[in-house]
Amino acid sequence: MKLLALLAIMAMLAAACGGSDDAASDGTSDATDTAADDGSTDDGSTDDGSADDGAADDSSTNSGLEGTLRVLIHQNPPGVEFMENFNSEFEAANPGVSIDMTVVNADDIPTVNQTRLNAKDIDVTTISVTGFANAVQPYMTGADSPYWQQLIEAGLLMDLSGQPYLANYDQAAIDGSSFDGGVYALSLGRTSYSGMFVNEDILAEVGVDIPTTWDELVSACEAVKDAGFKCAVAGGQDAWPVFVGTYGLLGSLYPDQQALVEGLWDGSVKWDDEQGIKLFERYDYYANDMLDAESAGLTGDSAAQRYAAGDVAFGPMGAWNAGAVADNAGFEWEYIPFPGSDDAADNQTLFGKDDMSFAVAADTPVPDIAHAYLAAFSEPDNYNAFANATNYLPTQPTAALESALGTSIAPILQAGNFAIGFEQLFVQPKGAGQWHNAKDGALWMYNGDFTDPAVAAEQAQADLEAGLAG
Amino acid sequence: MAASQQQHLFGGGRQRLYPWLLLFPGLGFYLLIGVGPSLATAVYSFTDATGIRGLPISWVGWDNYDEFIFRGARSRDNIDALQRTLIFMALVTIVQFGLGLVMALLVNQKLRGRLVFRTLFFVPVILGVAVQGLMWKLFLRPGGGPMHEIFSLFGLESQFLGGPNAFYWVIVVQIWANAGFTMVIFLAGMQTVPADLYEAASVDGAVGWQLFRNVTWPQLTPAVNTNFLLNIVGSLQAWMLFLVLTGYRNGTNVLGYVVYAEAFGQTSASSFRQGYAAAASIVLFLLVLALGMAANAVVARRERKYMS
């Protein structure tokens, strides 16, 4: 009898400790809005953030769809606001559907995707904010696959090939979301990280033109400093904004970024050759002469606002800062490719990346709703509103940025001078040391990790070769 | 029959199983949650596991350990991280131990406002790492932060968490965050010292330092030993403040952060390498075990000296 009583108590305890399967889906509704800088898309809004009314209605009114769609996006205030409105309209157009959206910090996207895809706890997810450019190539012997490639190879992402809404996007967006013959994501926008804002009023007052070469940039910088202005600011406190500006320097000295990646892997290009040392010398000037000391106390966001105050000539920042600049600047400005080369012809291209990309879980229980959701989102009017809300460079050919940024860079984009940058193409050799990737070189010089550009270049090459040696 | 019942506390027959049945839930839970993952980590360390459902897992033998310790410049960085972990442990243990002891001595005095100071000293302990990190990022903000202003008074400049000394600023924050806990353990120990020992020592003419050296310090042996071990183990495993304050940055990472970054795609390779990270965590475990055992030996010797 005592034994039976004991077993009954243990059974009750076990039952009490057990969890309901429902908890998995219920637990997804709390947004983990960390509001931390993600460094990639945090821009100001140039739109009211409203989803276009017609978009959701057109695709699926009275669709008969029923179920809950679990969606994951990353923190980006105008983007989140837009998606919340879009979700409401999608739910209104599909009364049987509810959207359960989670917001995470961009840095947490890999971890959250890994856990939630493993747990079959997500349907439509922001799989990446960097695109699919850095797949391991055949010549990258022994390199580890990036996480998005691991997810595709594991069969966790649905191949979207053949879905009609893909036709709304340009071919580069499709190519940038493809792997091994399949299309595994929907690239919702691009962003440029290699340009800089130019305060035209300051340059006019000082009497210099917008620089088109490195020497002109240095001369302009010295001239504005002599005139009592600051040359440039960046978000030194957050560290990463320091090297954001110099992606353009890397891009202008190595205009063919894909060739640079291959050259580094096959040894035909070295970080410590003549061009490499020139790169590091310019990093040094950028970090320690061009950037004002005030940069050390600025975050990525506050640097854009500080730049907009009007006494700084250049703002080497990502295009996502355009909203903050446009909202606060009382001066005429342009966003131009960073003039890092001595040859103006090499300073024409904006480098950047595919940014926010939606993917669908391969084993989602609601594939019809997921496709309807993406189809509604991809309606041209809705997408155009999204691009203008977030300031993403559009991936749909019919969309156009109506903002000041859009006006500024329209000639560059129309000339086809946008390219995926080194960061999105490079895959590190296994065993390479921590200094192997010279794209971060400006930050090393800024932090004082190195004081001699030649030494930094040699260390970068040595750490790269340690990995290449296998 | 009587002899049998004397041998078994819960009686004979099936009743002899009661202790085991009572033990089973707790033991099972411990095996499942504590021992199981630890053993799994050890097994994983010999595989190329990614932690991603659907990807095959292959046995790679000692390859992860070989790569972590011996291969390429990455192994040099790992050894650097290992050295940095030991420096972190040594500085945190020594300073936190000393500071906690001094704080405990101060708030153990019968002074006005001591309860307020006890609370103030302990408050950082109850803050989460994210809050601690945010506070110190603001405090150490170059160009306008309070510490910048203090440095400016002396004509000094520093980039603090963005500069080459970032690692040492994290040590400062770690000590600030945990010294209150050390203080509380010391304080609890001090309050168990019988007052008559102080009275007897005072009658013998002991004052000040002599009272501390000959009464307080020996009587604090359990608290000293506890703090010593907790500080060593805690500092060896600390890495979250690095995540919050500096991020994954060359020249600042400690071993615990390397484990996290490799496991969850936070390195520049952005791959999930949980087998490799498991090997790194086993190395960290062996380090903690070795230093913990050494510290335990010191502690045991000290207990024999003072408590026998």
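User: Let's start with helices. What makes residues 77-93 of chain A a helix, and how do you know what span to expect?

Analyst: The expected span of a helix is 1.5 Å times one less than its number of residues. A helix here is a DSSP run (H or I, at least four residues), numbered from the N terminus, and a strand is likewise a run (E, at least two). Helix 4 of chain A has 17 residues and reaches 24 Å from first C-alpha to last, close to the expected 24 Å. This is a predicted model, where local features need pLDDT of at least 70, side-chain atom pairs count only at pLDDT 80 or more, and totals for chains, interfaces and linings use all residues. Residues are numbered from 1 along each chain as its sequence is written, with chains lettered from A and ligands numbered from 1 in the order written.

User: Why is strand 8 of chain A called mostly covered?

Analyst: A residue is buried if 20 or more other C-beta atoms, placed from the backbone, lie within 10 Å of its own (exposed: 12 or fewer; partly exposed: in between). Five of the five residues in strand 8 of chain A are buried, so "mostly covered" fits. On one side sit Gly195(A), Phe197(A) and Asn199(A), and on the other Met196(A) and Val198(A).

User: How do you know that strand 8 of chain A pairs with strand 11 of chain A?

Analyst: Pairing needs at least two DSSP bridges between two strands. Strands 8 and 11 of chain A share five, in the antiparallel sense, so they pair. One bridge joins Asn199(A) to Trp333(A). Strand 8 of chain A also pairs with strand 10 of chain A, antiparallel, over three bridges; there Phe197(A) stands opposite Gly315(A).
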